[in-house]
Amino acid sequence: MNKSLEQQGVRCFALNAESGHSFCVLTNFLRVMREFKPDLLHIHVLPLFARVIIHFFYRKVPCVQTIHGVVREGTFSKILNWSIDHILAINLKMTTFISNGVRRFYENGGGDYSNEKSCVI
């Protein structure tokens, strides 16, 4: 995906972390935001630390997120994801889903994504 985006003139950055919840995401994401001052963010998987930074310091920067899987019904992580989406709000312009099945899951009770702000690839 990064190679295709870069061929279209998009600058891509890997945060070089073991997972999206690793502490090094915090420092690496801050460095990217400070050095490159993006006018739009596309975040494939939105790590918690990146969301915190965007919410508190870069709220005006519009974001596009990609959702590539579903959260199981009734799990703690579904409740946690919903809470984080509302408490740490970001300037979300669009959600990209990798399939209609994933989009339908979220539109039918798995999340709050309207058709105007979503697309399927």
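These legends go through a set of close-up views of a predicted model, starting with the whole chain.

This is a predicted model, so local features need pLDDT of at least 70 and side-chain atom pairs count only at pLDDT 80 or more, while totals for chains, interfaces and linings use all residues. Residues are numbered from 1 along each chain as its sequence is written, and side-chain values use heavy atoms, with hydrogens and water left out.

**View 1. The whole chain, with its 5 helices and 4 strands.**
Going along the sequence, you get the pattern α-α-β-α-β-α-β-α-β. Helices (H or I, at least four residues) and strands (E, at least two) are DSSP runs, numbered from the N terminus. Of the 121 residues, 33% are buried; buried means under 20% relative accessible area, exposed over 50%, and partly exposed in between (1.4 Å probe, protein chains only). Take the contacts (heavy atoms within 4.5 Å) with a separation of 6 or more: residues 24 or more positions apart account for 52% of them. The accessible surface comes to about 8100 Å², and carbon and sulfur atoms hold 57% of that. Areas are from the Shrake-Rupley method with a 1.4 Å probe; for residues, only the protein chains shown count as cover.

**View 2. The open sheet, 4 strands in the order E1-E2-E3-E4.**
The pairing is parallel; two strands pair if DSSP finds at least two bridges between them. E1 and E4 (118-120) sit at the edges, each pairing on one side only. On average, neighbouring strands are turned by 20 degrees against each other, direction ignored. For that angle, axes are lines fitted to C-alpha atoms (for helices over the stretch in contact), and angles run from 0 to 180 degrees between N-to-C directions.

**View 3. Thr96, a buried residue in the sheet.**
Thr96 belongs to strand E3 (residues 92-97), and its relative accessible area is just 8%. E3 and E4 run parallel and are joined by 3 bridges. Across from Thr96, in E4, stands Cys119. Beyond its neighbours within four places in sequence, Thr96 touches Val64, Gln65, Thr66, Ile67, Cys119 and Ile121.

**View 4. The largest nonpolar core, 15 residues in all.**
A nonpolar core is a set of buried Ala, Val, Leu, Ile, Met, Phe, Trp, Tyr and Cys residues joined through side-chain atoms within 4.5 Å. Phe29, Met33, Leu41 and Ile54 are the ones with the most contacts inside this core. Two or more residues come from each of H2, strand E1 (41-43) and helix H3 (48-57), and H2 gives the most, with 5. A second, separate core has 5 residues, including Ile67, Phe97, Phe105 and Tyr106.

**View 5. Glu35 and Arg31, joined by a salt bridge.**
Searching the whole structure turns up 1 salt bridge, meaning a side-chain nitrogen of Lys or Arg within 4 Å of a carboxyl oxygen of Asp or Glu. The closest N and O atoms of Glu35 and Arg31 are 4.0 Å apart. Both residues lie in helix H2, 4 residues apart, or about one turn of the helix. Arg31 is partly exposed, at 36% relative accessibility.

**View 6. Ala17, in the loop between H1 and H2.**
The loop runs between helix H1 (2-7) and helix H2 (24-36). Ala17 is partly exposed, with a relative accessible area of 31%. Setting aside neighbours within four places in sequence, Ala17 is in contact with Ser22, Cys24 and Val25. Asn28 is 11 residues along the chain from Ala17, and their C-alpha atoms are separated by 8.9 Å.
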